Amino acid sequence: MTAPVVLVHLYPRRMNIYGDTGNVLALRRRLEWRGYPVRVVPVDEGNPFDLEEADIVVAGGGEDASQLAIAGDLVDRGAAVHRAVRDGVVFLTVCGTYQLFGRRFVTADGAEIPGIGVFAAETIGGGSRMIGNVVVDTPWGDLVGFENHSGRTALDPGQPSLGRVRRGFGNNDMTAEEGASVENCFGTYLHGSVLPKNPAFADELIRRALQRRNGAPVTLQPLDDAVERRAAATAATRP
Amino acid sequence: MIRGRGYRAAMVRFRCAVTLARLARTLSRVAGRGGTAFPGLVALRIDPRVIEKLVASIPQGVVVVTGTNGKTTTAKMITTMLTGSGWTVLANRTGSNLARGVAAALVGAVRRGRLCVDAAVFEIDEAAVRDLGPRLRPRLIVVTNLARDQLDRYGELDTTARHVAAAVAASRIAVLAADDPMVARLGAGRSAESPEGGEIAWFGAVPEIKATLPDDRALYGYAEAGHAGPFDARLTRTTPDGDGQSIAVTVDRREVAVFLQVPGVYNGYNATAALLAVSRLGIDPVSAAVHLSAMAPAFGRGQVVDYHGRRVRLVLVKNPAGLNQAIRLLCDEPTPSAVLIAINDNHADGRDVSWLWDASVEALAATPHRFGAGGIRSADMALRFKYAGIDSWVERDDRRALERLVADAAAGDAVYLIPTYTAMLSFLELLLPGRSPEEVWS
């Protein structure tokens, strides 16, 4: 029997504000529907789990206080995360953890929360919130999700974004950039949750994870995604 | 006491505010416009302190009900028991729970320049309670629970908790949910003898009942304790009974057993809070409880509407905690039933539907029910069902969804309609054509 795909849910207790469990569930079901056994591992602050043993790591958003609470643990894990990213582990970081995967997040109160610098990016909090449904043009088609953040993220020159915003704000209200990517590590402001409504992107994460495990490209068995497409199409038309 | 020109000017402004607001009320009624809050807006524009001045003359004071879920039902329960006990009670029944709605309710109750009520019971939105709570100088405040609710409207839960804390600090008596860790924190370190703030009264349920309804923190993996006791009121038993339930409550050492027309453990909690509130207002809870049995459910909160020979049970949901309460209700329903969950994403519902992923929809897979997904975001709900391993039909159109729900049940059966706020308004228009929400409410 094949060893289960290890799906790590990073900081589920603190960073879970916008239906982030939906991303874990989408990956899990889409693997299981294709016959791959899955082991979901919740990893909270102080849990010594080695992220290099993960196939996919999913982390969500949280309030400023939650970000502060996990920041120390994340910095402690910084070197391990960098090793895992270099090793090709798949990461999806949303909103609050996306911000902390950049170099730093300066909150609206002026407090500086250190990040781990996986993405060459910085975030400044405060000002009006960017709220609403978002459509982003990416290499895997349009991503549709919901954003709600006051942090404005600026990518360094040369840091690739996840895609270009066709509707909504994305990283900030000045550039049309949304999210960031390095190797198999992705950051995004989209929740909603993002993966259930964007099966092509969910499958891209799965494909990359399986390819790393197998050492060879993988072709995924197609699934019936009619409901997924319908949900994305509705969201794309809503304010 | 010598009162100078400043006092006279203030009195003139106050009287103008009340008179013109009442005129605005009459005119908007004549014009047939349902602008319930408009007179309040007029009054506040002329005299920004009109609320403070009017509530000061209410002999038995103001009761404020706030919290994430259960506000409307709890406020209605308190009003029902006070009215049944012979008090004249003013309430903001039309769901106008912001400053203008409260001002409109107050101005509307003025007779010959005076407010002729014994008490006022106001349901106040958690976002408005920081400002309104202190202005109403509540004799008693009830905090039902604090859970995530439409983060795109209210901001973060910690912020909401701070708003509610400000209102609790301004109240003479606070009736707090002991089993809810976020609410328990509001009363931590305060006691009857404490010079800071007023008296705290705790309501909760016995552990066996509490365990069936996880609080918001528990849903997200926090093992945070609520208030450990002692309790001033405790829900000790709840048994489904027809469309409602029978409950037993110990309140201020008195035993109360009563039938409620509303089902669900969460409504048992609401009744417990309401019984403790009336007890602390000096009314015997045992005799007051009699009136609860006669109370019809509040608008959409466990309300049952007959439609084409089916009993349609309406359960409004607004957030993951509320949806979990509804899911709990469905898990306790042994008869295989037709269920429609209808999710809208208009402003009043909250634009963000991410919260569907936070509710324990998976628990429904073990029930014998048949499910449909409706509302503007019907596809999102269908997707949530799909990933929970549950088959569902999808129908975006409300009229066709209702037909399908009814067709899914035999004549005489109960069906469950679980909508968000604006979806509920739309379905009520279909279920009870031509009736305004206010009529349906009362």
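**Exercise 1. Describe the interface of chain B and chain A, beginning with its polar contacts.**

Step 1. Between chain B and chain A, 12 residue pairs are in polar contact, both residues being at pLDDT 80 or more. A polar contact is a pair of N or O atoms within 3.5 Å; within protein, one must be able to donate a hydrogen and the other to accept it, and residues adjacent in sequence count only if both atoms are side-chain atoms. The model is predicted: local features need pLDDT of at least 70, side-chain atom pairs count only at pLDDT 80 or more, and totals for chains, interfaces and linings use all residues. Residues are numbered from 1 along each chain as its sequence is written, chains are lettered from A in the order in which they are written, and side-chain values use heavy atoms, with hydrogens and water left out.

Step 2. Locate the elements on the side of chain B that touches chain A. Helix H7 (151-154), helix H8 (157-169) and helix H15 (378-387) of chain B each supply at least two residues of that side. Helices (H or I, at least four residues) and strands (E, at least two) are DSSP runs, numbered from the N terminus. H15(B) provides the largest share, 7 residues.

Step 3. Sort the residues of this side of chain B by class. There are 12 nonpolar, 3 polar and 13 charged residues. In this scheme Ala, Val, Leu, Ile, Met, Phe, Trp, Tyr, Cys and Pro count as nonpolar, Asp, Glu, Lys and Arg as charged, and the others, Gly among them, as polar.

Step 4. Turn to the salt bridges. The rule finds 3 of them across the interface of chain B and chain A, a salt bridge being a side-chain nitrogen of Lys or Arg within 4 Å of a carboxyl oxygen of Asp or Glu. A:Arg238 forms a salt bridge with B:Asp345, and their closest N and O atoms are 2.6 Å apart.

Step 5. State the extent of the interface. Chain B contributes 28 residues and chain A 36 residues to the contact, where contact means heavy atoms within 4.5 Å. The two chains bury about 2800 Å² between them, 51% of it on carbon and sulfur atoms. In chain B, B:Glu156, B:Trp357 and B:Tyr387 lose the most area to chain A, together 24% of what that side buries. Buried area is the accessible area (1.4 Å probe) that two parts lose on being put together, summed over both.

**Exercise 2. Describe how domain 1 and domain 2 of chain B meet.**

Step 1. The domain assignment of chain B gives domain 1 (50-293) and domain 2 (301-441); such bounds come from an automatic or database domain assignment. The C-alpha centres of these two domains of chain B lie 26 Å apart.

Step 2. In domain 1 of chain B, 24 residues are in contact with 25 residues of domain 2 of chain B. The domains bury about 2300 Å² between them, with 54% of it on carbon and sulfur atoms.

Step 3. Between the two domains of chain B the count is 2 salt bridges. B:Asp243 and B:Arg311 meet through their side chains in a salt bridge (3.3 Å, N to O). Across this interface the rule also finds 4 residue pairs in polar contact, both at pLDDT 80 or more.

Step 4. Helix H4 (71-84) and H7 of chain B each supply at least two residues of the side of domain 1 that touches domain 2. The largest share of that side, 3 residues, comes from H4(B). By class, the side divides into 7 nonpolar, 10 polar and 7 charged residues.

**Exercise 3. Trace the strands of the open sheet in chain A.**

Step 1. This open sheet of 4 strands has the order S9-S8-S11-S12 (chain A), with antiparallel pairing. Two strands pair if DSSP finds at least two bridges between them.

Step 2. The edge strands, each pairing on one side only, are strand S9 (141-149) and strand S12 (177-178) of chain A.

Step 3. Strand S8 (residues 130-138) of chain A pairs with S9(A) in the antiparallel sense over 9 bridges. The bridge partner of A:Asn133 in S9(A) is A:Phe146.

**Exercise 4. Place the cis peptide bonds A:Gly192 to A:Ser193 and B:Gly229 to B:Pro230.**

Step 1. In chain A, the cis bond from A:Gly192 to A:Ser193 has omega near -20 degrees. A:Ser193 lies in the loop between strand S14 (185-188) and helix H4 (194-197) of chain A.

Step 2. In chain B, the cis bond joining B:Gly229 and B:Pro230 has an omega of about 0 degrees. B:Pro230 is in the loop between helix H11 (216-219) and strand S9 (233-241) of chain B.
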